[in-house]
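Please walk me through this protein model. Take it one region at a time, and keep it brief.

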Amino acid sequence: MRKIFTFMLSCSAIGVYAQNYSGTVYDRERRPLQDATIYDLRTGSHTHTNEIGAFRLKEGQLGDTLKISHVSYKTQLVVLQKPSQQIILESSNLELNEVAITSSIRHLNIISDIDLKTNPVKSSQELLRKVPGLFIGQHAGGGKAEQIFLRGFDVDHGTDINISVDGMPVNMVSHAHGQGYADLHFLIPEIVESIDFDKGPYHADKGNLATAGYVAFKTKERLDNSSITLEGGKFNTYRTMGMFNLVNDNKQSAYVAADYQMTDGYFISPQNFNRINVIGKYTAYMENNDKLSVAVSHFNSKWDASGQIPQRAVDEGLITRFGAIDNTEGGHTQRTNVNLQYLKHVDANTFVRSTAFYSRYNFELYSNFTFFLEDPVNGDQIRQKEDRNIFGFESELNKSFYPGENPLELKVAAGLRNDDVNNIELSHTVNRKTTLEQLKLGDVNETNLYAYASAEYKAGKWLINPAVRVDHFKFDYVDKLAAAYATQTQGKSIVSPKLNFLYNPNNKIQYFLKLGKGFHSNDTRVVVTEKGLKTLPAAYGADLGLVWKPVPKLVLNTALWYLFLEQEFVYVGDAGIVEPSGKTTRKGIDLGARYQLGKWIFINGDFTYTHGRSNEAAKGEDRIPLAPVITAVGGVSIHHPSGINAGINTRYLGHRPANEDNSIVAKGYCVTDANVSYQHKQFTIGLITENIFNTAWNETQFATESRLKNEAAPVTEIHFTPGTPFNIRGTVTYRF
């Protein structure tokens with residue numbers, strides 16, 4: 001039964017004009033609820049809460065009834081009749097008929113909110129899959145960052161997608177293995193509170209690498225309860241995870257979470273993989289709703305890998321699909337993070353959000369992609385290694401104005417990021433022990449200074465969002481293999497304007513047009529080699545689409561999009577060389593649906609089609625290697641009041657060109673996973689399965705020139721890492 005809370009918000013306290021109401025929405029743990037919908041039943045006007053749970057609604061009158069809703073919270077009816085009262089929402093099961101569509105620049109978050117509630121993340125690899133149309137591939141025994149595919153991009157490990165956690169960047173610029181390298185394995189999936197994402201270069205607060213899109217994770221400030229989880233399954237796979245509440249009251253909260261995983265993997269040569277994550281987070285809730293959060297985390301991972309194998313070796317019976325040509329690949333990586341966030345309320349219309357972070361990072365990777373192509377005697381194994389410190393901060397001022405009768409939200413920010421990379425290395429090695437030759441060795445120091453301004457102006461049913469971002473980069477490189485010491489330096493600035501339009505005729509449909517310019521920086525070694533040429537290649541994008549609820553329990557989203565990318569130079573970390581690539585154009589369509597059948601069955605589906613071409617190549621030789629053309633994802637999840645939860649999900653990645661003339665094709669795949677669990681009081685037991693039909697599929701594929709030990713001449717063909725065969729593991733969780 002819906003409870004009716006009462007409150008009246010003073011028209012004169014903050015409004016320049018009469019009938020302007022405001023308030024703050026919290027959950028029972030006093031956490032501000034972002035993107036709660038406030039709907040005036042009399043006027044039909046509506047708005048949403050911002051990141052501190054605050055909202056403002058004009059055209060109200062005393063006695064009006066407001067309908068306040070949020071994903072997985074009970075809808076409340078609130079009557080305007082007394083001043084300034086905070087609103088508390090009670091949690092409940094997800095009901096899609098209670099979801100409203102409002103004018104919010106982060107409008108696609110409604111999709112990730114629904115997906116997190118109906119199909120929780122079960123591993124760190126699945127975190128990025130929560131972005132519709134984003135596919136990942138692992139090709140180093142679980143140790144390396146995943147290869148990412150999004151909007152017709154082979155993003156490699158992060159070149160064209162901006163990834164962050166609590167405002168701290170995940171991507172590594174000028175990385176030993178590849179530009180934008182984004183290893184998200186330090187994030188424990190159970191502590192993720194929300195996922196903010198968008199596709200394209202349309203947000204001023206997302207700068208470098210945000211061309212195909214961005215993903216921003218927010219971790220929990222509080223735990224619902226303490227818990228211990230044990231998992232075990234095929235291939236000697238084990239996981240133990242614990243989350244422990246230390247303090248949890250109105251003034252402060254603190255918890256510690258730890259996660260340890262190990263597995264031999266499904267390859268013939270054991271992967272000997274192990275990874276440990278530890279995080280502690282403390283949040284203080286001060287007077288005037290100020291808030292200070294400090295998080296400290298550590299991640300350490302080691303593994304052996306079988307690497308990518310040539311198709312001909314399998315066809316000729318030299319090895320099986322799960323065999324290896326060089327089973328001495330592998331590596332070690334670790335990252336320690338300190339992240340501080342401070343939210344300061346200046347007055348009723350102003351708050352400042354500040355973030356400061358520091359990361360200590362080490363990386364060592366052994367790979368062999370070409371086997372005996374370059375060195376017929378010792379083989380072509382390489383070592384990529386680096387030692388990095390990252391420091392950065394950002395401070396953002398948020399201010400509300402009321403020029404005339406329309407509200408204006410303004411954000412102005414400035415920030416800094418510095419990457420100090422020591423002994424970034426590429427070497428020719430044997431058996432991970434002997435160094436035959438140092439091919440590249442140097443120190444990188446890369447600094448990014450930036451500022452941005454963004455305005456959200458509401459005019460009736462329209463939301464207009466003009467924005468601009470300015471970035472300046474300074475690139476320093478010292479080549480330690482050069483005869484004489486010298487610092488090579490380049491600098492470059494770029495201006496990135498954005499303009500977004502959203503139109504909400506009611507709370508059931510939203511139309512949007514998004515326009516923007518973004519960029520990604522090139523590797524420092526590219527920049528100094530090319531003497532600043534094409535240092536910051538730009539991307540120009542446009543999206544036209546809608547989010548729509550045609551019936552109460554169905555949410556649809558669609559977009560037609562276009563993205564043009566300037567010519568750039570790409571540093572190939574595996575070879576230590578610079579490869580130029582020309583201008584490219586991508587365009588496509590995204591489709592998505594979320595449907596609730598009855599009370600406890602949820603159905604989801606996403607489909608994308610992309611047409612991508614290189615602009616300056618001859619017709620027939622203008623394909624973009626490994627660019628996805630068609631992707632599709634669908635699933636059904638069940639959340640029964642008895643405590644039974646289950647789900648089945650299928651993902652499809654179509655055939656795609658592996659080289660420019662499409663003479664070599666990377667084969668598509670269709671893989672289905674399933675899970676079931678039962679919760680009784682404090683205990684939950686479950687089964688998680690992968691590839692339930694035991695499909696033979698290739699997780700990653702490349703067109704590579706290689707030579708085997710006894711081959712007289714090299715061969716160019718598909719080299720692949722096999723995807724997991726049927727896999728099953730059991731889980732037990734105890735909450736206290």
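How many cavities of 30 Å³ or more does a search of the whole structure find? The search finds 7. Keep in mind that this is a predicted model.

Take the second largest cavity. Its space comes to about 220 Å³. The lining is made up of 19 residues. Closest to the centre of the cavity are Asp35, Thr37, Ala100, Thr102 and Ile110. By type, the lining splits into 6 nonpolar, 9 polar and 4 charged residues. Which elements give two or more residues to this lining? They are strand S6, residues 65-70, and helix H2. H2 gives the most, with 3 residues.

Now look at H2 itself. This helix spans residues 109-118. Is H2 mostly covered or mostly open? Mostly covered: 9 of its 10 residues are buried. The buried set starts with Asn109, Ile110, Ile111 and Ser112. Asp113, Ile114, Asp115, Leu116 and Thr118 belong to that set too. Ile110 therefore appears twice in this account: it is a buried residue of H2, and buried means under 20% relative accessible area. Ile110 is also listed among the residues closest to the cavity centre.

What do the buried residues of H2 pack against? They pack against strands S14 (192-199) and S31 (554-565). They also pack against S34 (584-597), S35 (601-614) and S36 (630-639).

Turn to S6, the other contributor to the lining. S6 pairs with strand S3, residues 37-40, in the antiparallel sense. That pairing has 4 bridges. Within it, Ile38 has Ile68 of S6 as its bridge partner. S6 also runs antiparallel to strand S7, residues 73-80, and 5 bridges join the two. Here Leu66 is partnered by Val78 in S7. S6 and S7 form a hairpin, with 2 residues between them. In the turn, Ser72 has a positive phi of about 70 degrees.

Next comes an open sheet of 3 strands. What is the strand order? The order is S21-S43-S42, and the pairing is antiparallel. The edge strands are S21 (309-310) and S42 (698-706), each pairing on one side only. S42 meets S43, residues 715-722, over 8 bridges in the antiparallel sense. Asn698 stands opposite Pro722 in S43.

Further along the chain is Arg729. This residue sits in strand S44, residues 727-735. Why does Arg729 count as buried? Because its relative accessibility is 14%, and the cut-off for buried is under 20%. Which residues does Arg729 touch, leaving aside its neighbours within four places in sequence? Lys122 and Ser123 are in contact with Arg729. So are Glu231, Gly232 and Gly233. Gly686, Leu687, Ile688 and Glu690 complete the list. The C-alpha atom of Arg729 is also 6.5 Å from that of Thr689, a residue 40 places away along the chain.

Finally, consider confidence. The mean pLDDT of the protein is 90, and 95% of its residues reach 70 or more. Where is the pLDDT below 50? It is below 50 over residues 1-18. In the model, this stretch has 60 contacts beyond near neighbours in sequence. Where pLDDT is low, the predicted coordinates should not be read in detail.

Technical notes: Residues numbered from 1 in each chain as written. Predicted model: local features only at pLDDT ≥ 70, side-chain atom pairs only at ≥ 80, totals over all residues. Heavy atoms only, no water. Pairing = 2+ DSSP bridges. pLDDT = per-residue confidence, 0-100. Contact = heavy atoms within 4.5 Å. Buried < 20%, exposed > 50% of the residue type's maximum accessible area, 1.4 Å probe, protein only. 1 Å grid on protein atoms, 1.4 Å probe; cavity = no way out; pocket = protein on both sides within 12 Å on 5 of 7 lines; lining within 4 Å. Points joined across faces, edges and corners; volume = space filled by probe spheres on them. Nonpolar A, V, L, I, M, F, W, Y, C, P; charged D, E, K, R; others polar.
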